[in-house]
There are 2 protein chains.
Amino acid sequence: MKKLCIAILGATGVVGTEMLKALEERDVPWGSLRLLAAPEEAGKKVLFQGRELTVEGAHEDSFQGVDILLVAAANAISERFSPVAVRQGAIVIDNSSAYRLDPRVPLVVPEVNPQDIKTHSGIIANPNCSTIIAMVAVNPLYRRHRVKRMTVSTYQAVSGAGIRGLRELEQQVSAYLKGEKLEKDVFQHQIAFNVIPHIEAFQENGYTKEEMKMHHEGRKILHDDQLTVTCTCARVPVFRSHSESIQLVFDEEVDAAEARELLRDAPGVKLVDDPVHNVYPMPLDTSNQDLVYVGRLRQDLADRHALNLWCCGDQIRKGAAVNAVQIMQLVIQTYFP
Amino acid sequence: MKKLCIAILGATGVVGTEMLKALEERDVPWGSLRLLAAPEEAGKKVLFQGRELTVEGAHEDSFQGVDILLVAAANAISERFSPVAVRQGAIVIDNSSAYRLDPRVPLVVPEVNPQDIKTHSGIIANPNCSTIIAMVAVNPLYRRHRVKRMTVSTYQAVSGAGIRGLRELEQQVSAYLKGEKLEKDVFQHQIAFNVIPHIEAFQENGYTKEEMKMHHEGRKILHDDQLTVTCTCARVPVFRSHSESIQLVFDEEVDAAEARELLRDAPGVKLVDDPVHNVYPMPLDTSNQDLVYVGRLRQDLADRHALNLWCCGDQIRKGAAVNAVQIMQLVIQTYFP
């Protein structure tokens, strides 16, 4: 078996750090591991499996000999380096949104459409965090009964905006308790003790980019251009894990009890649905692990073809880093067996 | 004009205190004002319009001479005292949920169905807080285009659980920052930095009581048994003001621009819908005032008959105390002109 050279671009950020953790936990076979980041991060030391690795500043020649590149960086960085890495022979797994809707780029949730990786021409895209969480929860039902329509309201954690989002909530809460003025920088408004119905830029149709991602990416992942996903994305003062309130309209009647059975053993899902004993998914419980918790399954009151559910997942792990590492594991199985 | 005797039962609680504020602000004509509460609260002093009032312990003979009784107490207390007060000649405006679905009791949001107060036989009920906020936002649209169906996901503040809910969030946040153990008492789980999709008891159909209130009370307020409201209620770590993500399905096509015009001058509504400039309703902005802020109006992506919106309102003021005082003002105009 080939000794693989794996590299992470953006290795020092929230998602990059979590990719390293996921690699450690999953015992991925690798020969060398290279950590790439912005030039100002170069020289930093990172401990990995007991070894000290040194962060390199990324530049156009960084990808010689790299077999698989995990990109945990902003769109502009991915657009600059991903095509270069592909030309230098790497398979790129990109967590940015730069290539997600490119028809030549598969968009993959391993529990949903693992076979799509084979259609790649160098880049494989990792979907949006809320979309991954929703897809893992909805796919087991979708496979049995076609979903025509999803209406989603999200409750998204501040770490979706990176480590600066986390710090901003902590600082604001601390300032509030001390009676000091609250400073804001990352979010458009104070996030401590508030809800902000605004994640990413607004589009002409009144939806944000984040809201449209769930629509476009959901269709692409499920290969279903008839599916409509209408989404309202809101930021809540939670450190980690996104929650989603989802209404699913199927093209036939689906029973909540059957849905529960379909979810019970579904890959990547933990059914957490015993409300009478106060058991339902919550962001505190889903943080720092890889499953999407699904619960509060119940028949819609208006539409016998509709079900409502509530799901939560760690958007940094399954919603980003872990999903990318799972894609990498598929790539290794498929291309480097 | 008769000098009215007004009494508040539960005058020392969160809602009772806010009723007093609303009475002060609105300059309601009254001859005497009596503050009733649990026996252990008796003797407390409350400042009202510069005068010191003394809280009385409530008992079965407390209501002699009372013209209007505002009840800001739990169901059991209302069930014990409201019928007694009616027999002693008072008109009761009850903020508990004890009588809301009683066919002899009108359920009133003054902006929506003020005429209903005339059908009372002693008790007029004040609706659930989330329901009031949704009704104020939806009614101006409903009047022009019938709504067949509402799908609502709520983001509810901790003060919905009273002053103890407020304190619990503050204490948990403070303990978190000090690295201490978080204690919980009021909520089923830690609420600091968490979301709990559970408000009030679960019913057999998998919905909570709180979720079913929006359905049953919405129908009663709008006099529309065909309307279906499917709701998911979640508690978020916000001190005050509930937020709601609402999808409305009309029986015909409705344009977002028209909806915006209908809401612009609607009673009790403030249209706050300029997303490109980061302007939309948020709980921080709607606290300690009486309007329901409505924004993020946009066409649904699947259904041309549907619109989505986001609204926020202070659930202690318009969602409870202020709505009750507005009902009282209608009662005074109608019965004590």
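**Exercise 1. Work out how chain A is built and how compact it is.**

Start with the parts: chain A has 8 helices and 14 strands, where helices (H or I, at least four residues) and strands (E, at least two) are DSSP runs numbered from the N terminus. Keep in mind that this is a predicted model, in which local features need pLDDT of at least 70, side-chain atom pairs count only at pLDDT 80 or more, and totals for chains, interfaces and linings use all residues. Residues are numbered from 1 along each chain as its sequence is written, while chains are lettered from A and ligands numbered from 1 in the order in which they are written.

Next, the size. The radius of gyration of chain A, taken over C-alpha atoms, is 20 Å. The globule rule (2.2 Å times the number of residues to the power 0.38) also gives 20 Å for 337 residues, so chain A is as compact as a globular protein of that length. Along the principal axes, its C-alpha atoms fill a box of roughly 60 × 55 × 40 Å.

Last step: 57% of the 337 residues in chain A are buried, meaning that 20 or more other C-beta atoms, placed from the backbone, lie within 10 Å of a residue's own.

**Exercise 2. Decide whether Lys3(A) is buried or exposed.**

First find Lys3(A): it sits in the segment before β1 (5–9) of chain A. Now count: Lys3(A) has 10 C-beta neighbours inside 10 Å, so it counts as exposed; the cut-off for that is 12 or fewer, with partly exposed in between.

**Exercise 3. Describe how helices α1 and α8 of chain A pack.**

Two packed helices are described by the angle between their axes and the distance between the axes. Here α1 (residues 14–26) and α8 (residues 317–335) of chain A pack at about 50°, with axes 9 Å apart. That makes α1(A) oblique to α8(A), since angles under 35 degrees count as roughly parallel, over 145 as roughly antiparallel, 65 to 115 as roughly perpendicular and the rest as oblique.

Now look at who touches whom, with contact meaning C-beta atoms within 7 Å. Among them are Val15(A) and Leu23(A) of α1(A), plus Ala320(A) and Val325(A) of α8(A). Sorted by class, the contact has 9 nonpolar, 1 polar and 3 charged residues.

**Exercise 4. Find which element of chain B gives the most to the side that touches chain A.**

Begin with the totals: 47 residues of chain B are in contact with 47 residues of chain A. On the chain B side, β9(B) gives the most, with 4 residues.

Definitions and conventions: Axes fitted to C-alpha atoms, helices over the stretch in contact; angles between N-to-C directions. Contact = placed C-beta atoms within 7 Å. Nonpolar A, V, L, I, M, F, W, Y, C, P; charged D, E, K, R; others polar.
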